[in-house]
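Q: Got a minute to go through this one with me? I'd like to start with the chain contacts.

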Amino acid sequence: MPDGKPNFTGLWEALGTANWDIRDHSAQTGPFIQLGATGAMPAGQGIVEGGEIPYTPEAAAQQKENLKNRMKLDPEIKCYMPGIPRANYMPFPFQITQSQRDIAFAYEYATSNRVVNMGKFKEGAVDSWMGTSNGHWEGDTLVVDVSSLNGNSWFDRSGNFQTEDTHVVERFKLADADHMNYEATIDDKTIYTRPWKISTVIYRRKEKNAQLNEFKCVPFTEELIYGDLKKK
Amino acid sequence: MRKTLLVVLAAGASFLSAAPAWAHHAFAAEFDLDQPFKFKGTVTKMEWINPHAWIHVDVVGDDGKVTPWMIEAAAPNALLRRGWNKNSLPKGTEIIVEGYRAKDGANRGNGNIITFTDGRKLFVGSSAGDRGAPSK
Amino acid sequence: MRHLVCISALGVMAAMAFGQAPSGETKPAPATKSWNQPKTPWGDPDLQGTWTGDDCIGTPLQRPVKFGDRLYLTEQELAEREANREKTEHSDLEQVVAPGQAATIGGPEHWMERSRRPCKQTSLIVDPRDGRLPDILPEAKTRHVGAGAIVSDPKADSWEDFDYYIRCITRGVVGSILPVIYGNGQQIVQGKGFVTILQEMVHEARVIPLDGRPHAGPNIRSFMGDARGHWEGNTLVVETTNFVGNTTGVNGNGGGTPTSDALTLTERYTRTGPNEMRYELTVDDPKTFVRPYKVLLPLTEEPGYRNYEYACHEGNYGMFNSLSGARAKEKKAAAAAAAAKN
C-alpha cells in the first residue's frame with residue numbers, strides 16, 4: 001500500500017474445522033442423524049493455544065449444557081450473526097476492503113459485516129452482534145480491539161459461548177501474500193480464570209472466478225423458527 | 001404568523017408528505033386497536049435492538065401484583081445518532097406508556113407515547129440537550 | 001416571518017441554479033466554489049464516507065401529477081417545504097405531549113430520522129419526463145406482494161405473507177438506498193480494485209470489483225445481485241445483474257411490484273462537493289416495466305453520521321407476535337362460531 005502497510009484487500013477463507021469445535025476434536029455423529037455422514041463432525045486440531053479454554057467451573061458447566069442443547073441454542077443454526085472471532089473461521093469466505101481510513105470485512109455467512117475504524121478510538125454506543133471494532137497498526141500487524149459484543153454469539157458449534165463482557169483483541173499479519181496469520185486474545189472475567197488465545201491461518205481464495213457470494217440464510221430458517229406459529 | 005403557516009401547509013400538503021406510506025416496520029399486525037392501554041411501569045431493561053427496540057417494565061396492578069410487560073418502540077438507530085446509548089434509560093426509571101395491546105393478549109404492547117412521570121417525553125432531541133441533527 | 005417569493009423569473013433562475021435546464025433535462029449543478037475531487041492513495045476518485053439520502057425523506061418516488069414535467073420545486077414551494085420541515089423539527093423537540101394527543105399504533109414519532117434541509121425535487125424519478133413509474137407489464141402484476149408494516153390485519157398464515165423487509169431478509173439494492181424514516185446510512189469503503197458499500201438497513205455489504213471481470217454465471221443469483229464497477233472520469237458506474245426474481249420491488253423498503261430475474265441496475269455515483277454526492281440509478285427490467293426509468297437522489301455526508309448495526313432477524317419479535325396474534329384471532333373466531341352454534 002502507498003502508506004507502506006500490507007494490503008489485506010481480497011477474498012479470504014479459513015480451512016480446518018474450528019467452526020465445529022475450537023478445541024481438539026475426534027470425528028463423531030452430528031446432531032442431525034438424518035444427514036448421515038454429511039452432517040457428522042470431522043476430526044480436527046483445535047485453534048486454542050494451550051488446548052483448553054480456562055473456564056470457571058460454572059462456565060464449564062454452562063458450556064456442557066450448551067453442547068447438549070446446541071440444536072436449540074447454536075445461533076448459527078438460526079442464521080444469527082456469528083460475532084467475532086467466529087465470523088473469521090466459518091466455512092464461508094469473506095472480503096476485506098482496506099482503505100487508508102477504514103477496513104471493511106464483508107462475511108458471506110448471513111451477510112454479516114463490520115467496519116474496523118482505523119481513526120480515533122470510538123466506543124460502542126450499544127452492544128451488537130458483530131461488536132465495535134477499532135484498529136491500529138503495530139508495524140505490519142493489524143491489531144483490532146473488539147468490544148461491545150452482545151454476548152449472544154458462540155465460538156463454535158460446540159457450545160463455547162460469550163457474554164456481554166467478552167472482549168476480543170485480534171491480530172492479523174500476512175505471512176506471505178496469500179496467507180494471513182490470525183490470532184485473537186479473549187478476556188472475560190465473568191467466565192474465564194484468565195485471558196486465552198486462539199490462533200490459525202486464513203487463506204486467500206485464488207480461483208480465477210472466486211468472489212463473495214450471498215448466503216442470506218433467513219429463508220432457510222423460518223420454518224424452524226416460526227413453524228409452530230404457521231396456520232395449520 | 002401561525003395562521004399564515006397553516007395556510008402554507010394546507011396549500012403544500014399534497015407534496016410535503018410527512019411520514020411516507022412505506023414507513024414503519026411490523027407494528028399494525030401485532031397490536032389490537034380495540035385494546036388501548038395506559039399505565040405506569042418501572043424499567044427493568046431496554047433492548048437496544050432492531051428491527052425495534054423493546055423496553056421491559058414491571059407494572060404494579062391495583063392488587064399490588066407486579067406484572068412484567070414488553071413495550072415495542074421503534075428502531076434505535078436515530079437515537080444512537082443523536083448521542084443516546086445503552087445507558088440512557090437506567091433500570092428503575094419510572095415511565096408512563098400509552099399504546100395498544102398485543103392481539104394474542106400477552107403482556108406486550110406498542111409504546112407510542114412514552115413519558116417520564118413529570119410528563120417529559122422519552123428521548124427528545126439529542127442526548128447533549130441541543131437541537132440534535134443541526135439544520136443547515 | 002418568512003416571505004414567500006412568488007413564482008417569477010426568479011423561479012426559473014432558481015430552477016436553472018438547481019441544475020435543471022427549462023426543457024426538463026437534468027445536468028449536474030456546477031460546484032459553487034472551487035473544489036477538487038480527492039483521490040485515494042492509489043489514484044481512484046475518493047468517494048469514501050458515510051452518506052445518506054435523509055434530506056429526501058418524504059419526497060415521493062413518483063411525481064404528483066400536478067407538477068407535470070417539472071423536476072424541481074420553485075423557490076416558493078421550496079420555502080413551503082422548508083417551513084414544514086422546520087415545523088416537524090420543532091414538533092420533535094416538544095418536551096411534553098400535546099394536550100388531547102391520542103396514541104396510535106407505532107413507535108414514538110420523534111424517534112424518526114428527518115431531513116436536515118428541504119429536498120429540491122418534486123420526485124425521485126426523473127425519467128420518464130413525468131417523473132412517474134412506467135407502466136407495469138400484466139405478467140408482473142400477478143406476482144405475490146408480501147404485506148408491509150402498516151397493514152393492520154394482513155393475511156398472516158405464515159411468514160411468507162409478509163414482505164422481505166418484515167421478514168428481515170433484505171430490501172433489495174434499490175430499497176436499501178431510497179430514504180425512509182430511519183436507517184438510511186450508506187458507507188463507502190474503497191480498497192485497491194474494490195469498492196464496498198455497506199447499507200445500514202438491512203446490514204448489506206455490496207462488494208464491487210473494479211477489475212473488469214465478467215459477472216457471475218446465470219445460475220448464481222441473489223437478492224442483492226452481482227455488481228461490477230468501473231470509473232468514468234470521477235464517476236463510479238456500477239452495473240448489477242443476476243437477481244433472483246419475484247422477491248423485492250424497487251419502491252421504498254423494497255416494496256411495490258417485485259422485479260424479475262431480468263432486472264439490470266445501473267448506478268452512477270459522482271461526488272459533487274466535500275459533503276455532497278449525486279446518485280443516479282437506471283432501473284431496467286423488461287419483464288416488469290414497459291421501459292427503463294431513472295432515479296436521481298442527492299446524498300450528503302453529515303457530521304458524526306455513521307452506520308449502526310441493524311441486526312433485524314436476530315431481534316424479530318414482531319414476526320412471532322404477528323403470527324401469534326393472527327392465530328389468537330382465529331382461535332377467538334372459532335370459539336365464537338362454536339358458541340354461536342350452541
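Q: How many residues does each side bring to the contact between chain C and chain A?
A: Chain C brings 39 residues and chain A brings 34. Two residues are in contact if their C-beta atoms, placed from the backbone, lie within 7 Å. This is a predicted model: local features need pLDDT of at least 70, side-chain atom pairs count only at pLDDT 80 or more, and totals for chains, interfaces and linings use all residues. Residues are numbered from 1 along each chain as its sequence is written, while chains are lettered from A and ligands numbered from 1 in the order in which they are written.

Q: Which elements of chain C give two or more residues to the side that touches chain A?
A: They are β3 (185-191), β4 (194-199), β5 (204-209) and α5 of chain C. With five residues, α5(C) gives the most. Helices (H or I, at least four residues) and strands (E, at least two) are DSSP runs, numbered from the N terminus.

Q: What's the class make-up of that side of chain C?
A: There are 19 nonpolar, 13 polar and seven charged residues. Ala, Val, Leu, Ile, Met, Phe, Trp, Tyr, Cys and Pro count as nonpolar, Asp, Glu, Lys and Arg as charged, and the others, Gly among them, as polar.

Q: Back to α5(C). How many residues does it have, and what is its reach?
A: Helix α5(C) covers residues 317-341, which is 25 residues. From first C-alpha to last it reaches 36 Å, close to the 36 Å expected at 1.5 Å a residue. The expected span is 1.5 Å times one less than the number of residues.

Q: Which of its residues are buried?
A: Gly318(C), Met319(C), Asn321(C), Ser322(C), Leu323(C), Ser324(C), Gly325(C) and Ala326(C). Buried means 20 or more other C-beta atoms within 10 Å of the residue's own; exposed means 12 or fewer, and partly exposed is in between, with C-beta atoms placed from the backbone.

Q: And what covers them?
A: The cover includes α3 (222-226) of chain A, together with β4 and β5 (108-110) of chain B.

Q: Chain B, then. How many residues of it are in contact with chain C?
A: 64 residues of chain B are in contact with 65 of chain C. On the chain B side, the elements giving two or more residues are α1 (2-12), β1, α2 (77-81), β4, β5 and β6 (113-116). By class, that side has 37 nonpolar, 17 polar and ten charged residues.

Q: What does β1(B) pair with?
A: Strand β1 (residues 31-47) pairs with β4 (residues 94-102) of chain B, antiparallel, over eight bridges. There, Thr42(B) has Glu94(B) as its bridge partner. β1(B) also pairs with β2 (residues 54-60) of chain B, antiparallel, over five bridges. Glu47(B) stands opposite Trp54(B) in that pairing. Strands β1(B) and β2(B) form a hairpin with six residues between them. Two strands pair if DSSP finds at least two bridges between them.

Q: What is the mean pLDDT of chain B?
A: The mean is 82, and 76% of its residues reach 70 or more. pLDDT is the predictor's confidence in each residue, from 0 to 100. Over residues 1-23 of chain B it is below 50, and that stretch has 35 contacts in the model beyond near neighbours in sequence. Where pLDDT is low, the predicted coordinates should not be read in detail.

Q: Last one, chain A. How many helices and strands?
A: Chain A has three helices and nine strands. Buried residues make up 39% of its 232 residues. Its C-alpha trace spans about 60 × 45 × 35 Å along the principal axes.
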